[in-house]
Amino acid sequence: MSSLSTIAPQAATGPVAEIYQQMEQALGRVPNALQLFSVSPTALELQWRQLGYYFQHPTLGFPLLATLRLLISQDSDCRYCIGMNEAMLIQRAGFTPEQIAAAKGDPAEAPLPEKDKALLLAALKATRAPKSVSTEELDALRTLGWTDQDIFDAVNHAAQHAAIDILFNTFKVESDF
């Protein structure tokens, strides 16, 4: 599963078992990716809470966030997250493999509404070259109707996902989807 000793669902006790039960209710299983966090039960709780926040985000929709994760993972060559987000975009968002390939080749080709695409491109830029993001670019996002919280949440999600890719690549999380 990974190069660290993690807690399998059937061996979980205490707070880890409680969080795993919530995962099984929400996801139908406890993916290897989330089992990695069992190495640090506090990190597992924080990761699960963060995922819950973004799964239920009032303005950042699933296709936008999954596309953002896919493209962040492409940058770091995290095979686990690339495959997982591709599958979710096909199954839950109705994207075609051709649309995903086009977005991977050029993020501006992502099959998203223009407003979402603008935020996607800004969040990608922030993870790739954060010092290059200008006030004018943020103003343009505001003009499209994004709030400062939306902009922050999108960049935060992208930055956190880049960190997750580092963890998954470092600890060799095996694909289970």
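Trainee: How many disulfides does a search of the whole structure find?

Mentor: This is a predicted model, and a disulfide is counted where two cysteine sulfur atoms lie within 2.5 Å. A search of the whole structure finds 0 disulfides.

Trainee: Why is the sulfur of Cys-78 not in a bond with the closest cysteine sulfur?

Mentor: The closest cysteine sulfur belongs to Cys-81, and because the two sulfurs are 3.7 Å apart, they are too far from each other for a bond. Cys-81 is likewise in no disulfide, the sulfur of Cys-78 being the nearest cysteine sulfur to its own.

Trainee: Are Cys-78 and Cys-81 buried or exposed?

Mentor: A residue counts as buried when its relative accessible area is under 20%. Cys-78 has 1% relative accessibility and therefore counts as buried, and Cys-81, at 0%, counts as buried too.

Trainee: Which residues touch the most other members of the largest nonpolar core?

Mentor: A nonpolar core joins buried residues of certain kinds through their side-chain atoms. Here the largest has 27 residues, and those touching the most other members are Leu-60, Leu-64, Leu-68, Leu-119, Leu-120 and Trp-146. Among the elements that give two or more residues to this core are helix 5 (79-93) and helix 9 (148-170), while helix 4 gives the most, with 8 residues. Beyond its neighbours within four places in sequence, Leu-119 is in contact with residues including Leu-60, Leu-64, Trp-146 and Ile-151. A second, separate core has 20 residues, among them Tyr-20 and Leu-36.

Trainee: Where is Gln-35, and is Gln-35 buried or exposed?

Mentor: Gln-35 lies in helix 2 (residues 32-35), and its relative accessibility is 8%, so Gln-35 counts as buried. Leaving out residues up to four places away in sequence, Gln-35 touches Met-1, Thr-6, Ile-7, Ala-8, Pro-9, Tyr-20 and Val-30.

How values were computed: Residues numbered from 1 in each chain as written. Predicted model: local features only at pLDDT ≥ 70, side-chain atom pairs only at ≥ 80, totals over all residues. Heavy atoms only, no water. Core = buried A, V, L, I, M, F, W, Y, C linked by side-chain atoms within 4.5 Å. Buried < 20%, exposed > 50% of the residue type's maximum accessible area, 1.4 Å probe, protein only. Helix = DSSP H or I, 4+ residues; strand = E, 2+ residues; numbered from the N terminus. Contact = heavy atoms within 4.5 Å.
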